[in-house]
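Here are some exercises to work through with the model open beside you. Try each task before you read its solution.

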Amino acid sequence: MFKATYEAITKGNPMWNQLSVPSGSLYAWSPTSTYIHEPPYFKDMTMSPPGPHGVKDAYCLLNFGDSITTDHISPAGSIHKDSPAAKFLLEHGVDRRDFNSYGSRRGNDEIMARGTFANIRLVNKLLKGEVGPKTIHIPTGEKLSVYDAAMRYKTAGQDTIILAGAEYGSGSSRDWAAKGPMLLGVKAVIAKSFERIHRSNLVGMGIIPLCFKSGEDADTLGLTGHERYTIDLPSCVSEIRPGQDVTVATDSGRSFTCTVRFDTEVELAYFNHGGILQYVIRNLIGSKQ
């Protein structure tokens, strides 16, 4: 049975052999595919690391309490019929019965970005008790889907941050729980504590993880999420130390101290490059020159 199965393994089968295979050494991205799409991580990337970035006058995209899981951040389940991802699929000719799930479409950044914070059980303090994947666009006061609000901020060139409680990013480890917020333009997450792997993933995508000081959180500091936030981070990576304290200032006049959760020198190197992907690519190309 083994011999009969494997003696022609390298010859394939008629269906496999009839597939159209593009020539060339690079993958030929299909502009019409709703499952696989070229991600923008290396768009406009140069060989020179951009260096560390602080955050200036950022708006709060979301204000969370404790125990926000990776499934809250990047759900893997079904795509809701009224969600930004559903709208995208319908506009690209996909029938509702063929939506499938976020997990099955994880190869398409356009859908996964729209699915970030799309969990229908999301509890965002900016909504004052309302449950669902919405937020308040602070400059206008409009209630929008998280994706639509994030795109408004990005279009206007405005940074965003997230406020959170304890154990932010708990649950199963998901790379999209860090990729998604990065694509939405989130520059930092300020939380009471982080799940270990998710904190590392945030650093890997160029997002700054900060922890409130012991005994403090957004509520005790009187933060509502309607403020604008400036994070005073040194512009030279050699001046940043793992676990150092930084000042976060708001336009309401309130300032507080946080601990930057870059826990190792390697993580600082990732951040200096804009993320782990850019770090790897630059070092790979540099090693072959």
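Helices (H or I, at least four residues) and strands (E, at least two) are DSSP runs, numbered from the N terminus. The model is predicted, so local features need pLDDT of at least 70, side-chain atom pairs count only at pLDDT 80 or more, and totals for chains, interfaces and linings use all residues. Residues are numbered from 1 along each chain as its sequence is written, and side-chain values use heavy atoms, with hydrogens and water left out.

**Exercise 1. The lining of the largest pocket**

Find which helix gives the largest share of the lining of the largest pocket.

Solution. Begin with the term: on a 1 Å grid over the protein atoms alone, a pocket is an open set of points where a 1.4 Å probe fits, with protein on both sides within 12 Å along at least five of seven lines, and lining residues have an atom within 4 Å of a point. Next, list the elements that each supply at least two lining residues: α5, α6, α7, β5, α9 (265-273) and α10 (276-288). Among these, α5 gives the largest share, four residues. Finally, look towards the centre of the pocket: of its 34 lining residues, Pro40, Tyr41, Lys154, Met182 and Leu183 are the closest to that point.

**Exercise 2. Helix α4**

Work out which residues of helix α4 are buried, and what they pack against.

Solution. Buried means under 20% relative accessible area (exposed is over 50%, partly exposed in between; 1.4 Å probe, protein chains only). Within α4 (residues 84-91), that description fits Pro84, Ala85, Ala86, Phe88 and Leu89. Now follow them outwards: their packing partners are α5 (109-114), β3 (142-145) and α6 (146-155). Then step just past the helix, where glycine 93 has a positive phi of about 80°.

**Exercise 3. Histidine 198 and tyrosine 168**

Decide whether histidine 198 is buried or exposed, then list its contacts.

Solution. First locate histidine 198 in helix α8 (residues 196-204). Its relative accessible area is 2%, so histidine 198 is buried. For its contacts (heavy atoms within 4.5 Å), set aside neighbours within four places in sequence; Thr70, Ile73, Tyr168, Gly169, Ala177 and Ala178 remain. Now turn to tyrosine 168: beyond four places in sequence, its partners include Phe64, Phe117, Val189 and His198.

**Exercise 4. The whole chain**

How many helices and strands does the chain have?

Solution. Counting along the chain gives ten helices and nine strands. As a last step, consider burial: 43% of the 289 residues count as buried.
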